[in-house]
Every structure is written in structure tokens, then in C-alpha cells.
Amino acid sequence: MPFAVYVLGLAVFAQGTSEFMLSGLLSGIAADLGVSLSAAGLLTSAFAVGMVVGAPVMALAGRTWPRRRALLLFLAVFVAVHAVGALTPSYEVLLATRFVGALANAGFWAVALSTAVAMVPDRLKGRAAAVVVGGVTVACVVGVPAGAVLGERWGWRSAFWAVAIVSLPAFLAVLRSIPGDRSATDADAASVSVRDELRVLTGPRLRPVLLTMALVQGATFCTFSYLEPLLTRESGLSAGWVPVALALFGAGAFAGVTVAGRYADAHPVAVVATGMAALTVGWSALALTAGSPVLALALVPLLGLLAFGTGTALITRVLGLAPGAPTLAGASSTTAFNLGATVGPWAGGLALDAGFGHRAPVGVSALLMVAALLVAATTAKSRRPRAGERRLSGTRL
């Protein structure tokens with residue numbers, strides 16, 4: 001595996017930390033800026049919306065640039081807005097920096113995924129995608145708990161500074177390891193019209209896979225966003241166990257990404273189908289056994305493994321099914337991933353507000369997985385695999 005692929009994973013680690021760290025910083029931000037908790041929560045929503053909108057927009061904006069230039073620009077903007085966010089006394093400015101930072105993050109994600117898989121042969125494309133996605137899982141294991149500790153000891157602004165500082169080595173590593181000239185892959189990407197790429201992405205082969213990915217990620221982030229109240233109010237654990245649970249989830253996610261990266265290329269359908277079925281059972285089991293702290297803590301890393309392993313396999317599948325969309329394939333994966341991360345917590349919040357209790361988001365996760373299975377099953381019945389389909393794509397869902 002080229003060293004540059006791991007560099008891209010390092011950069012995604014820093015950006016993933018920023019995406020998820022606010023879950024442990026909202027109270028401090030609300031108190032410091034004089035806003036309500038719900039207003040502080042909009043900072044998370046602004047980032048998610050920026051990710052959904054930014055992936056295709058930023059990928060298209062940089063499609064004619066050499067990939068190193070695009071990656072460096074996105075990273076530079078990301079560092080700058082975190083420095084501004086750490087300094088500003090204004091809630092409105094902080095909200096704007098979250099949106100702009102998400103645009104840069106989305107652009108980097110989309111270009112990084114396309115760059116990583118373009119640097120390796122077909123048999124390693126799943127592993128390359130897994131390394132990039134693995135940056136998010138390492139952020140869950142290390143970055144998010146570390147951000148919570150920094151916020152507790154030195155205030156929420158220190159966590160923003162930490163993200164900016166950690167991004168600098170990634171900037172230098174991209175500068176040194178990603179080729180600066182326009183490669184043949186860059187030229188091929190620029191030669192494909194936007195209309196042709198959109199035709200591929202909106203075709204019947206890819207739409208159900210992207211919808212499935214959004215549903216799977218929605219299920220994941222629906223419960224992940226409300227893990228703290230689930231564990232403290234249903235399982236009876238103290239607040240000190242929350243960082244431990246987050247780290248367990250992240251460790252499981254890292255293991256899942258690693259396993260999926262090894263097997264998704266050769267057995268895409270088996271990995272996706274097995275993971276989706278197991279997730280449906282797993283979220284249902286957590287909803288039923290959340291009252292037991294031992295069982296809840298045992299299920300958390302397992303669900304992290306299944307969620308991110310299945311998500312990685314789905315990303316690999318999208319990239320394999322969309323060779324005719326070299327610019328927007330990675331962007332569409334990023335959009336579907338973050339669309340789920342936006343809709344899932346919103347749906348879980350609706351269930352909480354309706355008075356169904358703190359286990360309700362887990363039940364919503366199980367229902368979202370049922371919907372994902374129905375989409376996959378309907379697609380499998382309506383379409384048969386074509387002979388000669390690329391190995392990476394495998395049999396249709």
C-alpha cells in the first residue's frame with residue numbers, strides 16, 4: 001500500500017475528530033457564548049449539512065486541478081476556519097466556521113477517496129478505501145475522547161486548536177507524498193463531462209446502493225449521537241463510563257474497517273449482506289438489553305465493528321460500480337455517508353421528543369436497518385447480475 005494512502009488517512013483523522021468532537025463540548029460552548037444547548041447543537045447540524053452539500057460541490061470545483069493542489073487547498077481552509085473558531089467570541093461566526101469547515105472536509109473526503117483508490121490496483125481498492133475511512137474510526141477511538149478531555153481541562157477552544165495543530169503534519173505529508181503534476185488519472189477525470197458522471201450516479205445500478213449506505217449510516221449515527229443518555233439513564237452507568245464506551249465503539253469501528261478492507265474486494269455482497277443482517281439484530285438486541293450495563297458495553301464495540309465494516313464495504317462497492325464517474329464517485333459516497341449522519345440523529349431526536357424513552361433512538365436504528373434490508377432485497381429481485389461485471393462490484397444488491 002503506498003505511503004500516500006496512509007497520509008490521506010491521517011488527514012481524515014484530524015477532520016473526523018472535528019466532525020464528532022462537539023458531542024463532548026456543547027455545554028462548554030453554550031455557557032461561554034451565552035446560547036442555549038439547542039443552539040449549540042446547531043453547530044453539529046451546520047457541519048453535517050456542509051458535508052452533504054460540500055461533497056459534490058467541492059469535488060466539481062476542483063475537478064480540473066491536480067489532486068495535490070485540491071487536497072492542500074481543502075486542508076488549508078480547514079485549518080484556517082478552526083483557528084478562527086477557536087478565537088471568535090461570536091456564536092454566529094463559529095456557526096459559519098463549522099459550515100465552511102465542513103465544505104472543506106467534504107471536498108477533501110471526496111478527493112481523498114478517489115485519489116486513494118486510483119493509486120492502487122483493483123485487488124487493493126477496498127483496502128485503500130478502508131485506510132481513508134479508518135481515519136474516522138481512529139478519530140472515534142482517540143480524537144473524540146481526547147477532545148472531550150481537553151474541553152474539560154482547558155475549555156472547548158483548546159479542542160479546536162488541537163484539531164488545527166494536528167492537521168498541520170497532514171498538510172506537510174500531503175505536500176511531500178502526493179504527486180504534484182497532473183497524472184493520467186487526473187486527465188481522465190477532467191475529460192469526463194459532468195453530465196456523464198451524473199448519468200452514472202443517478203442510474204439504476206448506483207441509486208439503491210447509495211440509498212442503502214445512507215440508511216445504514218443513519219442507523220449508526222442515530223444511536224451513536226444519543227449513546228451518553230442511553231448509557232447513563234438506561235444502563236445506569238456513571239458519566240465516567242461514557243468516554244470508555246466511545247473508545248470501545250471506535251475500537252470496534254477500526255477493527256470493522258480493517259476486516260472489510262481485506263475482504264470487501266473479493267466478497268462485496270457477502271460482506272455487505274452479512275453486515276446489514278447482523279446490524280439489524282444488533283441494534284434490536286441493544287434496544288432490548290440496554291438496561292444491563294454489562295450487555296450494553298459488550299454490544300457497543302461489536303456494533304461499531306459491524307457498522308463501519310459494512311459502511312466501508314458499501315463505499316468500496318460505490319467506487320467499483322462508478323468507474324465512469326471518477327470525480328463524483330467519492331463525492332456521492334461522502335454525501336450518502338453524511339446524509340445518514342444528518343437524518344439519523346434527527347429521527348432519533350424525534351423519537352425522544354415523542355416520549356418513547358432513551359432507548360427509542362436504538363429502536364429507530366433497528367427500523368432504519370430493516371428499511372436498508374428491504375431496499376437491498378427489492379433491488380436483488382428486480383435485477384440480475386451481468387456477466388463480466390468488474391470484480392470489485394460483485395453481484396448486485
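Start by selecting helix 12 (residues 241-263) and helix 14 (residues 293-321): in this predicted model, the two pack at about 35°, and their axes sit 6 Å apart. Turn the view until you look through one helix at the other, and you'll find a right-handed crossing.

Now light up the side chains in between. On the helix 12 side, show W241, A245, L248, F249, G252, A253, A255, G256, V257 and A260. Their partners on helix 14 are L297, V300, P301, L303, G304, L305, F308, G309, T312 and A313. Color that contact by class and you get 15 nonpolar and 5 polar residues, with no charged ones.

**Next stop: aromatic pairs**

Aromatic pairs number 7 in this structure. For a look at one of them, jump to W156 and F160, an edge-to-face pair with 5.3 Å from centre to centre and 85° between the planes. Both residues belong to helix 7 (residues 156-177), and because they are 4 residues apart, about one helical turn separates them. W156 has 5% relative accessibility, so it counts as buried. F160 goes down to 1% and therefore counts as buried too.

Head back to the first helix pair and select F249 and F308. Here the ring centres are 6.2 Å apart with the planes at 80°, so this pair is edge-to-face. F249 comes from helix 12 and F308 from helix 14, so the pair ties together parts 59 residues apart in sequence. Both of these phenylalanines are buried.

Keep those two on screen and add F221, F224 and F337: together with F249 and F308, they form one aromatic cluster.

**Follow the cluster to helix 10 and helix 15**

F221 and F337 also turn up where helix 10 meets helix 15, so bring up both helices. Helix 10 covers residues 207-225 and helix 15 covers residues 328-353; their axes are 6 Å apart, at an angle of about 45°. That angle is why helix 10 is described as oblique to helix 15. The crossing is right-handed.

To see the contact itself, show L210, M213, A214, Q217, G218, F221, C222 and S225 on helix 10. Then add S332, S333, A336, F337, L339, G340, A341, G344, P345 and G348 on helix 15. Sorted by class, the contact of helix 10 with helix 15 comes out as 10 nonpolar and 8 polar residues, with no charged ones.

**Two single residues to click on**

Which residues does T220 touch, once its neighbours within four places in sequence are left aside? Select T220, which is in helix 10, and show its surroundings: the contacts are F249, W283, A307 and F308. You have already met F249 and F308 as an edge-to-face pair. T220 has 0% relative accessibility, so it counts as buried.

Then go to V362, found in helix 16 (residues 360-382). V362 is buried, with a relative accessible area of 1%. Leaving aside neighbours within four places in sequence, its contacts are T223, L230, W283, L286 and A287. W283 is on this list, and it was on the list for T220 as well. While you're there, draw a distance from the C-alpha of V362 to the C-alpha of A290: the readout should be 9.3 Å, for residues 72 apart along the chain.

**Across to the N-terminal helix**

Now select helix 1 (residues 3-20) and helix 5 (residues 91-118). The axes come within 10 Å and cross at roughly 155°. Are these helices roughly parallel or roughly antiparallel to each other? Angles over 145 degrees count as roughly antiparallel, and helix 1 and helix 5 are therefore roughly antiparallel. Helix 1 passes helix 5 in a left-handed crossing.

Show V5, L8, A11, V12, Q15, S18 and E19 on helix 1, which meet R98, N105, F108, W109, A112, T115 and A116 on helix 5. This contact divides into 8 nonpolar, 4 polar and 2 charged residues.

**Zoom out**

Finish with the whole chain in cartoon view. You should see 16 helices and 0 strands. If you color by burial, 55% of the 397 residues come up as buried. Among contacts between residues at least 6 apart in sequence, 85% join residues at least 24 apart.

Definitions and conventions: Residues numbered from 1 in each chain as written. Predicted model: local features only at pLDDT ≥ 70, side-chain atom pairs only at ≥ 80, totals over all residues. Heavy atoms only, no water. Axes fitted to C-alpha atoms, helices over the stretch in contact; angles between N-to-C directions. Parallel < 35°, antiparallel > 145°, perpendicular 65-115°, else oblique. Left-handed = near helix turned anticlockwise from the far one by under 90°. Contact = heavy atoms within 4.5 Å. Nonpolar A, V, L, I, M, F, W, Y, C, P; charged D, E, K, R; others polar. Phe/Tyr/Trp six-rings, centres within 6.5 Å; stacked < 30°, edge-to-face > 60°. Buried < 20%, exposed > 50% of the residue type's maximum accessible area, 1.4 Å probe, protein only.
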